[in-house]
Amino acid sequence: PSEVGITCYGTEECNLGYVYRQDSSVLNGTIGEMHARKITGLYRLAMKTGAPVIGLIDCGGVRLEESTDALNAMGAVMKCEALASGVIPQITAVFGTCGGGMSIVTALSDFTYVETSKGRLFLNAPDAVCCENKTDKCDTASADFRFGTGEADFIGTEAEIFANMRALIAMLPGNNEVNGEIVPTNDDPNRAVTNIENLKDMSLALAMIADNGIFTEVKKGYAKGTVTGFMRLNGETVGAIANNSKEMKSSDAKKIASMIRFCDAYSIPVVTLVNTEKFGQCPCTEKTMADNSAALVNAYAMATVPKVTLIAGKAYGTPYILMGSKAIGADMVYAWSKAEIGMMDANAAAKIMYADSDAETIKKGAEEFKALQQNVNSAAARGYVDTIIEPADTRKYLIGALDMLYTKREMRPDKKHASI
(Lines give C-alpha, C1' and ligand atoms only; values in the text may rest on other atoms or scores of the structure.)
Protein backbone atom coordinates (compact mmCIF):
# COMPACT_ATOMS: atom_id res chain seq x y z
CA PRO A 1 0.00 0.00 0.00
CA SER A 2 1.05 3.59 -0.68
CA GLU A 3 1.90 5.33 2.59
CA VAL A 4 4.22 7.78 4.30
CA GLY A 5 6.77 5.09 5.16
CA ILE A 6 9.44 3.99 2.68
CA THR A 7 10.95 0.49 2.98
CA CYS A 8 13.84 -1.03 1.06
CA TYR A 9 16.82 -3.33 1.32
CA GLY A 10 20.45 -3.02 0.31
CA THR A 11 23.97 -4.12 1.15
CA GLU A 12 26.85 -2.63 3.12
CA GLU A 13 30.19 -4.27 2.34
CA CYS A 14 28.20 -7.15 0.80
CA ASN A 15 26.11 -7.59 3.96
CA LEU A 16 22.33 -7.57 3.49
CA GLY A 17 20.26 -5.06 5.47
CA TYR A 18 16.72 -3.65 5.53
CA VAL A 19 15.78 0.01 5.94
CA TYR A 20 12.56 1.89 6.59
CA ARG A 21 12.28 5.67 6.45
CA GLN A 22 9.45 7.91 7.53
CA ASP A 23 8.47 10.80 5.25
CA SER A 24 7.47 13.78 7.39
CA SER A 25 6.32 15.71 4.31
CA VAL A 26 3.28 13.40 4.02
CA LEU A 27 0.78 13.51 6.91
CA ASN A 28 3.67 14.63 9.13
CA GLY A 29 5.09 11.11 9.04
CA THR A 30 2.47 9.88 11.49
CA ILE A 31 1.95 6.17 12.11
CA GLY A 32 -1.29 4.61 10.92
CA GLU A 33 -2.44 1.12 10.01
CA MET A 34 -0.89 0.98 6.51
CA HIS A 35 2.26 2.76 7.66
CA ALA A 36 2.83 0.14 10.37
CA ARG A 37 1.96 -2.70 8.01
CA LYS A 38 4.88 -1.75 5.76
CA ILE A 39 7.30 -1.72 8.71
CA THR A 40 6.08 -5.02 10.19
CA GLY A 41 6.24 -6.60 6.75
CA LEU A 42 9.85 -5.48 6.48
CA TYR A 43 10.58 -7.03 9.88
CA ARG A 44 9.08 -10.36 8.87
CA LEU A 45 11.27 -10.42 5.78
CA ALA A 46 14.35 -9.45 7.79
CA MET A 47 13.67 -12.25 10.28
CA LYS A 48 13.32 -14.77 7.44
CA THR A 49 16.59 -13.76 5.82
CA GLY A 50 18.52 -13.00 9.02
CA ALA A 51 19.53 -9.42 8.29
CA PRO A 52 19.62 -6.20 10.38
CA VAL A 53 16.88 -3.57 10.32
CA ILE A 54 17.64 0.16 10.25
CA GLY A 55 14.92 2.71 10.97
CA LEU A 56 15.31 6.36 9.92
CA ILE A 57 12.85 8.22 12.13
CA ASP A 58 10.99 11.49 11.51
CA CYS A 59 7.50 10.93 12.85
CA GLY A 60 4.72 13.10 14.17
CA GLY A 61 3.44 10.29 16.38
CA VAL A 62 0.25 8.26 16.18
CA ARG A 63 -2.26 9.36 13.52
CA LEU A 64 -5.19 10.88 15.40
CA GLU A 65 -7.62 10.32 12.53
CA GLU A 66 -7.23 6.53 12.87
CA SER A 67 -7.69 6.44 16.67
CA THR A 68 -7.43 2.91 18.09
CA ASP A 69 -6.42 1.49 14.70
CA ALA A 70 -3.31 3.67 14.88
CA LEU A 71 -2.62 2.61 18.46
CA ASN A 72 -2.89 -1.04 17.45
CA ALA A 73 -0.54 -0.33 14.55
CA MET A 74 2.05 1.18 16.88
CA GLY A 75 1.79 -1.84 19.16
CA ALA A 76 2.32 -4.17 16.20
CA VAL A 77 5.61 -2.42 15.37
CA MET A 78 6.73 -2.69 19.00
CA LYS A 79 5.91 -6.40 19.07
CA CYS A 80 7.96 -7.03 15.93
CA GLU A 81 10.93 -5.29 17.52
CA ALA A 82 10.57 -7.25 20.75
CA LEU A 83 10.45 -10.58 18.89
CA ALA A 84 13.40 -9.60 16.70
CA SER A 85 15.55 -8.59 19.70
CA GLY A 86 18.47 -10.97 20.02
CA VAL A 87 17.75 -12.44 16.58
CA ILE A 88 18.75 -9.59 14.25
CA PRO A 89 20.51 -6.32 15.12
CA GLN A 90 18.22 -3.28 15.15
CA ILE A 91 19.36 0.31 14.69
CA THR A 92 17.31 3.50 14.71
CA ALA A 93 18.40 6.99 13.74
CA VAL A 94 16.34 10.05 14.64
CA PHE A 95 16.59 12.80 12.04
CA GLY A 96 13.46 14.73 13.01
CA THR A 97 10.70 14.31 15.56
CA CYS A 98 10.44 11.08 17.52
CA GLY A 99 7.95 11.49 20.35
CA GLY A 100 5.50 9.53 22.43
CA GLY A 101 5.23 5.88 21.48
CA MET A 102 7.88 6.25 18.78
CA SER A 103 10.46 6.93 21.49
CA ILE A 104 9.74 3.42 22.77
CA VAL A 105 10.33 2.09 19.26
CA THR A 106 13.84 3.55 19.39
CA ALA A 107 14.40 2.20 22.91
CA LEU A 108 13.48 -1.30 21.72
CA SER A 109 16.26 -1.18 19.15
CA ASP A 110 19.84 -2.12 20.00
CA PHE A 111 21.48 1.17 19.02
CA THR A 112 20.04 4.67 18.61
CA TYR A 113 21.46 7.70 16.80
CA VAL A 114 20.14 11.26 17.11
CA GLU A 115 20.97 14.07 14.68
CA THR A 116 22.07 17.13 16.63
CA SER A 117 20.35 19.98 14.77
CA LYS A 118 16.86 18.60 14.04
CA GLY A 119 16.64 15.35 16.01
CA ARG A 120 14.03 15.44 18.81
CA LEU A 121 13.62 12.32 20.97
CA PHE A 122 11.09 12.38 23.83
CA LEU A 123 8.32 10.44 25.52
CA ASN A 124 6.72 13.60 26.89
CA ALA A 125 7.36 16.92 25.19
CA PRO A 126 9.73 19.14 27.23
CA ASP A 127 6.99 21.66 28.02
CA ALA A 128 4.78 18.86 29.34
CA VAL A 129 7.37 17.71 31.87
CA CYS A 130 6.58 18.69 35.47
CA CYS A 131 8.17 21.49 37.47
CA GLU A 132 7.21 24.05 34.81
CA ASN A 133 10.02 22.84 32.59
CA LYS A 134 10.80 24.80 29.44
CA THR A 135 13.10 23.92 26.56
CA ASP A 136 15.36 26.87 27.37
CA LYS A 137 15.66 25.55 30.94
CA CYS A 138 16.12 21.83 30.25
CA ASP A 139 15.52 20.59 26.72
CA THR A 140 14.70 16.97 27.47
CA ALA A 141 14.13 16.25 23.78
CA SER A 142 17.56 17.40 22.58
CA ALA A 143 20.25 15.11 21.27
CA ASP A 144 22.64 16.20 24.04
CA PHE A 145 20.13 15.34 26.76
CA ARG A 146 19.40 11.87 25.34
CA PHE A 147 23.12 11.25 24.85
CA GLY A 148 23.64 11.88 28.54
CA THR A 149 20.82 9.53 29.57
CA GLY A 150 22.18 6.69 27.42
CA GLU A 151 19.13 6.55 25.16
CA ALA A 152 21.30 7.79 22.29
CA ASP A 153 24.42 5.78 21.55
CA PHE A 154 25.79 8.38 19.18
CA ILE A 155 24.92 11.96 18.20
CA GLY A 156 26.22 14.07 15.34
CA THR A 157 25.51 15.46 11.92
CA GLU A 158 23.75 13.37 9.29
CA ALA A 159 27.07 12.56 7.62
CA GLU A 160 28.70 11.62 10.94
CA ILE A 161 25.77 9.39 11.87
CA PHE A 162 25.85 7.45 8.59
CA ALA A 163 29.63 7.05 8.80
CA ASN A 164 29.45 5.74 12.37
CA MET A 165 26.49 3.52 11.50
CA ARG A 166 28.42 1.91 8.64
CA ALA A 167 31.38 1.29 10.94
CA LEU A 168 29.11 -0.32 13.53
CA ILE A 169 27.22 -2.52 11.06
CA ALA A 170 30.52 -3.72 9.59
CA MET A 171 31.43 -5.00 13.07
CA LEU A 172 28.18 -6.87 13.75
CA PRO A 173 26.95 -10.27 12.53
CA GLY A 174 23.76 -10.29 10.47
CA ASN A 175 21.87 -12.45 12.95
CA ASN A 176 22.24 -14.66 16.01
CA GLU A 177 22.90 -17.89 14.11
CA VAL A 178 26.17 -16.89 12.52
CA ASN A 179 29.47 -16.04 14.13
CA GLY A 180 30.97 -12.73 13.13
CA GLU A 181 33.01 -12.72 9.95
CA ILE A 182 36.77 -12.94 10.43
CA VAL A 183 38.11 -10.02 8.43
CA PRO A 184 41.67 -10.35 7.13
CA THR A 185 43.99 -7.78 8.69
CA ASN A 186 47.56 -6.71 8.08
CA ASP A 187 47.95 -5.65 11.72
CA ASP A 188 50.49 -7.89 13.45
CA PRO A 189 48.80 -9.91 16.24
CA ASN A 190 52.06 -9.74 18.19
CA ARG A 191 52.34 -5.96 17.89
CA ALA A 192 53.55 -4.33 21.10
CA VAL A 193 51.31 -1.64 22.61
CA THR A 194 53.98 0.58 24.08
CA ASN A 195 53.08 2.95 26.92
CA ILE A 196 49.47 1.75 27.09
CA GLU A 197 49.73 1.71 30.89
CA ASN A 198 50.17 5.51 30.91
CA LEU A 199 46.89 6.28 29.12
CA LYS A 200 44.15 7.73 31.31
CA ASP A 201 41.36 7.50 28.70
CA MET A 202 40.54 3.82 28.25
CA SER A 203 38.91 4.42 24.86
CA LEU A 204 42.40 5.33 23.63
CA ALA A 205 43.82 2.21 25.27
CA LEU A 206 41.24 0.02 23.53
CA ALA A 207 41.98 1.71 20.21
CA MET A 208 45.68 1.00 20.75
CA ILE A 209 44.91 -2.70 21.26
CA ALA A 210 42.46 -2.96 18.34
CA ASP A 211 43.29 -3.92 14.78
CA ASN A 212 44.49 -0.82 12.91
CA GLY A 213 43.53 1.37 15.89
CA ILE A 214 39.78 1.22 15.13
CA PHE A 215 37.48 1.20 18.17
CA THR A 216 33.79 2.07 17.76
CA GLU A 217 32.48 3.37 21.08
CA VAL A 218 28.79 3.25 22.04
CA LYS A 219 26.95 5.24 24.75
CA LYS A 220 29.93 7.55 25.11
CA GLY A 221 27.84 10.28 26.72
CA TYR A 222 26.33 7.99 29.38
CA ALA A 223 28.03 6.54 32.47
CA LYS A 224 31.37 8.09 31.57
CA GLY A 225 33.13 6.06 34.25
CA THR A 226 32.94 3.14 31.84
CA VAL A 227 33.86 2.68 28.17
CA THR A 228 31.96 0.20 25.97
CA GLY A 229 32.22 -0.49 22.25
CA PHE A 230 33.37 -2.81 19.50
CA MET A 231 36.72 -3.53 17.90
CA ARG A 232 38.44 -6.30 15.98
CA LEU A 233 41.29 -8.40 17.32
CA ASN A 234 43.10 -10.32 14.60
CA GLY A 235 40.02 -9.88 12.42
CA GLU A 236 37.43 -11.05 14.98
CA THR A 237 34.77 -8.68 16.33
CA VAL A 238 34.99 -8.23 20.10
CA GLY A 239 32.82 -6.37 22.60
CA ALA A 240 35.13 -4.25 24.73
CA ILE A 241 34.48 -2.96 28.25
CA ALA A 242 36.79 -0.87 30.43
CA ASN A 243 36.69 1.19 33.63
CA ASN A 244 37.40 4.86 32.99
CA SER A 245 37.13 5.92 36.63
CA LYS A 246 38.24 4.51 39.97
CA GLU A 247 34.60 4.67 41.14
CA MET A 248 31.92 2.35 39.78
CA LYS A 249 28.46 3.92 39.72
CA SER A 250 25.04 2.39 39.22
CA SER A 251 24.87 3.71 35.67
CA ASP A 252 28.21 2.04 34.89
CA ALA A 253 26.87 -1.35 35.98
CA LYS A 254 23.73 -0.86 33.88
CA LYS A 255 25.74 0.15 30.82
CA ILE A 256 28.10 -2.83 31.08
CA ALA A 257 25.29 -5.35 31.64
CA SER A 258 23.49 -4.11 28.52
CA MET A 259 26.66 -4.50 26.48
CA ILE A 260 27.27 -8.05 27.71
CA ARG A 261 23.70 -9.14 26.97
CA PHE A 262 23.96 -7.83 23.42
CA CYS A 263 27.31 -9.55 22.84
CA ASP A 264 26.05 -12.84 24.26
CA ALA A 265 22.95 -12.74 22.05
CA TYR A 266 25.10 -12.48 18.92
CA SER A 267 28.03 -14.70 19.96
CA ILE A 268 30.48 -11.79 20.22
CA PRO A 269 33.37 -12.42 22.66
CA VAL A 270 33.74 -10.00 25.57
CA VAL A 271 37.03 -8.43 26.64
CA THR A 272 37.08 -6.53 29.95
CA LEU A 273 39.80 -4.18 31.17
CA VAL A 274 39.56 -3.65 34.93
CA ASN A 275 40.74 -0.64 36.92
CA THR A 276 38.32 0.17 39.74
CA GLU A 277 38.69 0.77 43.44
CA LYS A 278 35.25 1.34 44.94
CA PHE A 279 31.57 2.06 44.44
CA GLY A 280 30.41 5.62 43.96
CA GLN A 281 29.14 7.12 47.19
CA CYS A 282 26.19 9.37 46.45
CA PRO A 283 22.41 9.11 46.99
CA CYS A 284 21.66 8.68 43.27
CA THR A 285 24.02 5.73 42.92
CA GLU A 286 22.89 4.19 46.21
CA LYS A 287 19.26 4.08 45.07
CA THR A 288 19.89 1.53 42.31
CA MET A 289 23.47 0.27 42.81
CA ALA A 290 22.56 -3.11 44.29
CA ASP A 291 19.92 -3.87 41.65
CA ASN A 292 22.12 -2.87 38.72
CA SER A 293 25.09 -4.72 40.23
CA ALA A 294 22.96 -7.86 40.47
CA ALA A 295 21.99 -7.45 36.81
CA LEU A 296 25.69 -7.10 35.93
CA VAL A 297 26.62 -10.28 37.80
CA ASN A 298 23.80 -12.10 36.04
CA ALA A 299 24.92 -10.83 32.64
CA TYR A 300 28.51 -12.02 33.12
CA ALA A 301 27.54 -15.32 34.74
CA MET A 302 24.91 -16.25 32.13
CA ALA A 303 26.93 -15.23 29.07
CA THR A 304 28.33 -18.26 27.26
CA VAL A 305 30.57 -16.37 24.83
CA PRO A 306 34.34 -16.27 25.36
CA LYS A 307 35.10 -13.88 28.24
CA VAL A 308 38.63 -12.56 28.71
CA THR A 309 39.51 -10.17 31.53
CA LEU A 310 42.63 -8.05 32.03
CA ILE A 311 43.41 -6.43 35.40
CA ALA A 312 44.92 -3.20 34.08
CA GLY A 313 45.36 -1.33 37.35
CA LYS A 314 43.64 -1.62 40.70
CA ALA A 315 40.89 -4.14 41.35
CA TYR A 316 39.45 -3.72 44.82
CA GLY A 317 36.49 -5.14 46.69
CA THR A 318 33.10 -5.98 45.24
CA PRO A 319 33.61 -3.85 42.08
CA TYR A 320 36.49 -6.20 41.21
CA ILE A 321 34.13 -9.18 41.46
CA LEU A 322 31.57 -7.49 39.20
CA MET A 323 34.07 -6.65 36.45
CA GLY A 324 34.32 -10.07 34.86
CA SER A 325 36.32 -11.80 37.57
CA LYS A 326 37.14 -15.50 37.50
CA ALA A 327 34.50 -15.99 40.21
CA ILE A 328 31.60 -14.96 37.97
CA GLY A 329 32.69 -16.72 34.82
CA ALA A 330 35.75 -15.26 33.10
CA ASP A 331 37.46 -17.93 30.98
CA MET A 332 40.87 -16.29 31.09
CA VAL A 333 42.14 -13.58 33.45
CA TYR A 334 45.36 -11.70 32.79
CA ALA A 335 46.95 -9.01 34.95
CA TRP A 336 49.63 -6.46 34.34
CA SER A 337 52.72 -6.98 36.50
CA LYS A 338 52.02 -3.85 38.58
CA ALA A 339 48.31 -4.51 39.03
CA GLU A 340 46.79 -4.62 42.52
CA ILE A 341 44.00 -7.00 43.58
CA GLY A 342 42.49 -7.02 47.04
CA MET A 343 39.77 -5.99 49.45
CA MET A 344 40.66 -2.31 49.54
CA ASP A 345 43.54 0.14 49.51
CA ALA A 346 46.30 -1.08 51.85
CA ASN A 347 46.40 2.15 53.87
CA ALA A 348 42.64 2.06 54.44
CA ALA A 349 42.82 -1.60 55.44
CA ALA A 350 45.63 -0.95 57.93
CA LYS A 351 43.67 1.89 59.57
CA ILE A 352 40.82 -0.57 60.18
CA MET A 353 42.99 -3.46 61.37
CA TYR A 354 45.18 -1.26 63.60
CA ALA A 355 42.58 1.33 64.57
CA ASP A 356 44.06 2.14 67.97
CA SER A 357 47.73 2.00 66.97
CA ASP A 358 50.26 4.74 66.26
CA ALA A 359 51.11 6.00 62.78
CA GLU A 360 54.26 3.90 62.48
CA THR A 361 52.38 0.68 63.27
CA ILE A 362 49.68 1.54 60.76
CA LYS A 363 52.29 2.29 58.08
CA LYS A 364 54.04 -1.02 58.72
CA GLY A 365 50.73 -2.87 58.70
CA ALA A 366 49.84 -1.27 55.36
CA GLU A 367 53.12 -2.42 53.84
CA GLU A 368 52.59 -5.98 55.08
CA PHE A 369 49.00 -6.05 53.85
CA LYS A 370 50.05 -4.82 50.42
CA ALA A 371 52.83 -7.39 50.14
CA LEU A 372 50.66 -10.31 51.22
CA GLN A 373 47.19 -9.46 49.93
CA GLN A 374 47.45 -6.92 47.10
CA ASN A 375 50.42 -8.28 45.23
CA VAL A 376 49.27 -9.65 41.88
CA ASN A 377 51.42 -12.73 42.50
CA SER A 378 49.21 -13.57 45.46
CA ALA A 379 46.10 -13.61 43.26
CA ALA A 380 47.91 -15.67 40.64
CA ALA A 381 49.03 -18.20 43.25
CA ARG A 382 45.40 -18.70 44.24
CA GLY A 383 44.33 -19.22 40.63
CA TYR A 384 42.35 -15.98 40.32
CA VAL A 385 44.77 -14.74 37.65
CA ASP A 386 45.93 -17.10 34.91
CA THR A 387 48.97 -15.18 33.68
CA ILE A 388 50.84 -12.05 34.71
CA ILE A 389 51.87 -10.06 31.64
CA GLU A 390 53.66 -6.86 30.72
CA PRO A 391 51.42 -4.07 29.40
CA ALA A 392 53.19 -3.98 26.03
CA ASP A 393 52.17 -7.63 25.43
CA THR A 394 48.45 -6.99 26.01
CA ARG A 395 47.32 -7.31 22.38
CA LYS A 396 49.27 -10.53 21.87
CA TYR A 397 47.81 -12.24 24.92
CA LEU A 398 44.23 -11.14 24.31
CA ILE A 399 44.36 -12.42 20.74
CA GLY A 400 45.90 -15.68 21.91
CA ALA A 401 43.14 -16.20 24.46
CA LEU A 402 40.39 -15.49 21.92
CA ASP A 403 41.98 -17.90 19.42
CA MET A 404 42.06 -20.60 22.09
CA LEU A 405 38.42 -19.93 23.08
CA TYR A 406 37.07 -19.74 19.52
CA THR A 407 35.42 -23.16 19.78
CA LYS A 408 34.16 -22.66 23.34
CA ARG A 409 30.91 -24.46 24.23
CA GLU A 410 29.17 -23.98 27.56
CA MET A 411 25.78 -25.08 28.83
CA ARG A 412 23.50 -23.33 31.29
CA PRO A 413 20.63 -24.68 33.46
CA ASP A 414 17.48 -25.44 31.47
CA LYS A 415 15.09 -22.52 32.06
CA LYS A 416 13.11 -19.94 30.12
CA HIS A 417 15.20 -16.99 31.27
CA ALA A 418 16.67 -15.39 34.37
CA SER A 419 14.32 -13.37 36.55
CA ILE A 420 16.87 -10.57 37.08
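In the predicted model, ring pairs join Phe111, Phe230, Phe262 and Tyr266 into a cluster. A search of the whole structure returns seven aromatic pairs. Within the cluster, the rings of Phe111 and Phe262 form a pair with an edge-to-face arrangement, the centres being 5.0 Å apart and the planes meeting at 75°. Because Phe111 belongs to strand S5 (residues 111-115) and Phe262 to helix H7 (residues 250-265), this contact ties together parts of the chain that are 151 residues apart in sequence. Phe111 is buried, as its relative accessible area is 4%, and Phe262 is likewise buried, with a value of 9%.

Turning to charged side chains, the structure contains 14 salt bridges. One of the salt bridges joins Arg395 and Asp187, with an N to O distance of 3.7 Å. This pair links distant parts of the chain, 208 residues apart, since Arg395 is located in helix H13 (residues 394-404) and Asp187 in the loop between helix H5 (158-171) and helix H6 (202-209). Both partners, Arg395 and Asp187, are buried. They also take part in a network of salt bridges that links Asp187, Arg191, Asp211 and Arg395.

A further salt bridge is formed by the side chains of Asp386 and Lys326, for which the N to O distance is 2.5 Å. Asp386 is placed in the loop between helix H12 (376-381) and strand S17 (387-389), whereas Lys326 is placed in the loop between helix H9 (317-322) and strand S15 (332-336), so that the pair ties together parts lying 60 residues apart in sequence. Asp386 is partly exposed, at 36% relative accessibility, and Lys326 is also partly exposed, with a relative accessible area of 24%. The side chains of Arg146 and Glu151 likewise meet in a salt bridge, with an N to O distance of 2.5 Å. In this pair Arg146 counts as buried, at 10% relative accessibility, while Glu151 counts as partly exposed, at 37%.

With regard to the surface, Asp358, Glu360, Glu367 and Glu368 form a negative patch. Among these residues, Asp358 is found in the loop between helix H10 (346-353) and helix H11 (359-374), and its relative accessibility of 46% places Asp358 in the partly exposed class.

Methods
Residues are numbered from 1 along each chain as its sequence is written. This is a predicted model: local features need pLDDT of at least 70, side-chain atom pairs count only at pLDDT 80 or more; totals for chains, interfaces and linings use all residues. Side-chain values use heavy atoms; hydrogens and water are left out. Rings of Phe, Tyr and Trp (its six-membered ring) pair if their centres lie within 6.5 Å; planes under 30 degrees apart count as stacked, over 60 as edge-to-face and the rest as tilted. Helices (H or I, at least four residues) and strands (E, at least two) are DSSP runs, numbered from the N terminus. Buried means under 20% relative accessible area, exposed over 50%, partly exposed in between (1.4 Å probe, protein chains only). Patches are made of residues with over 30% relative accessible area and no salt bridge: like charges are joined within 9 Å, nonpolar side chains (Val, Leu, Ile, Met, Phe, Trp, Tyr) within 5 Å. Accessible areas come from the Shrake-Rupley method with a 1.4 Å probe; for residues, only the protein chains shown count as cover. A salt bridge is a side-chain nitrogen of Lys or Arg within 4 Å of a carboxyl oxygen of Asp or Glu. Lys and Arg count as positive and Asp and Glu as negative; His and the chain ends are not counted. The place of a charge is taken as NZ of Lys, CZ of Arg, CG of Asp or CD of Glu.
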